[in-house]
Amino acid sequence: MKSVDKLITAFKEREATIAIMGLGYVGLPLAVLFAEENMNVIGFELSERKVALINTGISDIMDIPSDRLKKVVDNKHLLATTDEAELYKADAIIICVPTPLTQSYEPDISYINNAVSIIRNNMSSNTLIVLESTTYPGTSRELLLGPIQGIGYSLNEEVYICYSPERVDPGNKTFQTANTPKVVGGIGDASIQAGVALYETVIQEVIPVASTEVAEMSKLLENTFRSINIAFINEMAMLCDKMDIDIWETIEASSTKPFGFMRFNPGPGIGGHCIPLDPIYLSWKAKEANFFSRFIELAQETNSQMPEYIVQKVGVSLNKVKKSINGSNILLIGMAYKENIDDLRESPSIPIFENLMGSGANVSFCDPLATNFRAKDGKIYTTQEVNYEQMSNYDLVIILTCHQFFDKEKIAENSRLILDTKNVMPKKYQEKIICFGNR
């Protein structure tokens, strides 16, 4: 029996040990999923605090309830560790580490390089290595294959390399890890076969593609598509502001077309790990091929300017009641980058908060999920408790992220003036509501 056949059999019979490197919003749900299939899962983390939490069954990821985590920890199918040597036991190692941008807006691949260095020093033969972290096309071949072959392992005989882009949508109650189709690309047929066999144990639909580059590109294409369309609808909202046309009614009208139209909604900016960052990875890599993507860069420019545009809209809103931003008391509703989650990564609410502060406003925020953040001034700001009656004390309430538990009726009833960037406030209070995309 070939080595790859042994590995595939171990996956299919749930006799394999799976190591997940990085137990964040991608890695922890995946680790729990494999553990629930009665596989032995090693969760490798650099953070001792996070390891201690997981090993006591406490989850810091909203999509994984602590009782679900505790069950697989208690039955000893999941063990978190900071010990690199534990990776030697793994039949498959899945890399789920962060891939942020540098201050000069270039890919920061240091976390991947560190993970590969650890794997090189601690892996055993006949191991599948999968990268899930968002990155540029060519990463798996450049950063995984070369270093692993450099220690003497033969590709598709002793080591198998795949790329499978994460498709996690935090807070999505319909599509989660198990029922979101999984793209898998490998370097060679044996690698693809091993990768497909691994994910078929926990994912309902696995889609093999011809190479790691196709899989890497598919992730960037998905999110660049969204970035460009969000930028377009944000630009249309600004245009409608100028033309005194209701963008929201316009979108509703366009959405009645049963073909050729896909709905996107405007807002105060884009957030999360993927949509603000992925297009930059693609644009950066394109420059190596002497290709300059104007669509991508224009979309990034438009989306990155939205927080500043919202601040300008604040000035217009306050002018209507003969006030200025300077000295006004302003309350922001919601700081997370989208509704019903606690994720502040790249949230446009933070630069809006900072810009208003810089303009002299007295700014507070209310978000029981995303309760605090560190601003550029180094200070940590903490949420106000939800108190609808006290909203009358503010000159302006700005709706940025309206979690489902917020009582929109009470917000509207008690606020003196509202800037609604999401078009969620009750229409009967329209005399005190200024809606983004509709003067």
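Reader: Which residue just after α8 takes a positive phi?
Author: Asp 244 does, with a phi of about 60°. Bear in mind that this is a predicted model.

Reader: And α8 itself, how far apart are its end C-alpha atoms?
Author: They are 47 Å apart. Helix α8 covers residues 212-243, which is 32 residues, and at 1.5 Å a residue the expected span is 46 Å, so the two values agree.

Reader: Back to positive phi. What about Asn 290?
Author: Asn 290 is not a glycine, yet its phi is positive, about 55°. Asn 290 sits in the loop between α10 (278-288) and α11 (294-304).

Reader: Is Asn 290 buried or exposed?
Author: Exposed. Its relative accessible area is 61%, and the cut-off for exposed is over 50%.

Reader: What phi does Lys 322 have?
Author: A positive one of about 60°, although Lys 322 is not a glycine. Lys 322 is in the loop between α12 (306-319) and β9, and is exposed at 81% relative accessible area.

Reader: Let's do sheets. What is the strand order in the open sheet of eight?
Author: The order is β3-β2-β1-β4-β5-β6-β7-β8, and the pairing is mixed.

Reader: Which strands stand at the edges there?
Author: β3 (78-81) and β8 (206-209). Each has a single partner strand, so one side of each has no neighbour in the sheet. From one strand to the next, the twist averages 25°.

Reader: How many bridges join β1 to β2?
Author: Five, between residues 17-21 of β1 and residues 40-44 of β2, and the two strands run parallel. Within that pair, Ala 19 of β1 is opposite Ile 42 of β2.

Reader: And β4 with β5, how many bridges?
Author: Four, again in the parallel sense, with β4 taking residues 92-95. Ile 94 has Val 130 in β5 as its bridge partner.

Reader: Why is β5 described as largely enclosed?
Author: Five of the five residues in β5 (residues 127-131) are buried, so the rest of the structure largely encloses the strand. Thr 127, Ile 129 and Leu 131 are on one side, Leu 128 and Val 130 on the other, and both faces are covered.

Reader: How many residues are in the largest nonpolar core?
Author: It has 48 residues. Those with the most contacts inside it are Ile 18, Ile 20, Phe 34, Leu 78, Ile 94, Leu 128 and Leu 198.

Reader: Take Ile 18. What is it in contact with?
Author: Leaving out neighbours within four places in sequence, Ile 18 is in contact with Phe 11, Phe 34, Met 39, Asn 40, Val 41, Ile 42, Ala 92, Ile 94 and Leu 198. Another core, of 43 residues, lies apart from the one Ile 18 belongs to, and includes Ile 230, Tyr 381, Ile 398 and Leu 400.

Reader: What about the open sheet of five strands, what order does it have?
Author: β10-β9-β13-β14-β15, with parallel pairing. Its edge strands are β10 and β15 (433-435), each pairing on one side only. The twist averages 20° from one strand to the next.

Reader: How do β9 and β13 pair?
Author: In the parallel sense, over four bridges, with β13 at residues 396-399. One bridge partnership there is Ile 330 with Leu 396 of β13.

Reader: Which strands does α13 touch on that sheet?
Author: It packs on the sheet and touches β9, β10 and β13. The direction of α13 makes about 155° with that of β10.

Reader: Who does Val 363 touch?
Author: Ile 330, Leu 332, Phe 353, Leu 356 and Met 357, not counting residues up to four places away in sequence. Val 363 is in strand β10 (residues 362-366), and counts as buried at 11% relative accessibility. Val 363 and Leu 332 are 31 residues apart along the chain, and their C-alpha atoms are separated by 7.5 Å.

Reader: Last one. Where is Asp 343 found?
Author: In the loop between β9 (329-333) and α13 (349-358).

Reader: Is Asp 343 buried or exposed, then?
Author: Buried, since its relative accessibility is 12% and the cut-off is under 20%.

Reader: What does its side chain make a polar contact with?
Author: The side chain of Asp 343 makes one with the side chain of Arg 345, at 2.5 Å. Setting aside residues up to four places away in sequence, Asp 343 touches Ala 336 and Tyr 337.

How values were computed: Residues numbered from 1 in each chain as written. Predicted model: local features only at pLDDT ≥ 70, side-chain atom pairs only at ≥ 80, totals over all residues. Heavy atoms only, no water. Buried < 20%, exposed > 50% of the residue type's maximum accessible area, 1.4 Å probe, protein only. Polar contact = N/O pair within 3.5 Å; in protein donor to acceptor, adjacent residues only side chain to side chain. Contact = heavy atoms within 4.5 Å. Pairing = 2+ DSSP bridges. Axes fitted to C-alpha atoms, helices over the stretch in contact; angles between N-to-C directions. Expected span 1.5 Å × (residues − 1). Core = buried A, V, L, I, M, F, W, Y, C linked by side-chain atoms within 4.5 Å.
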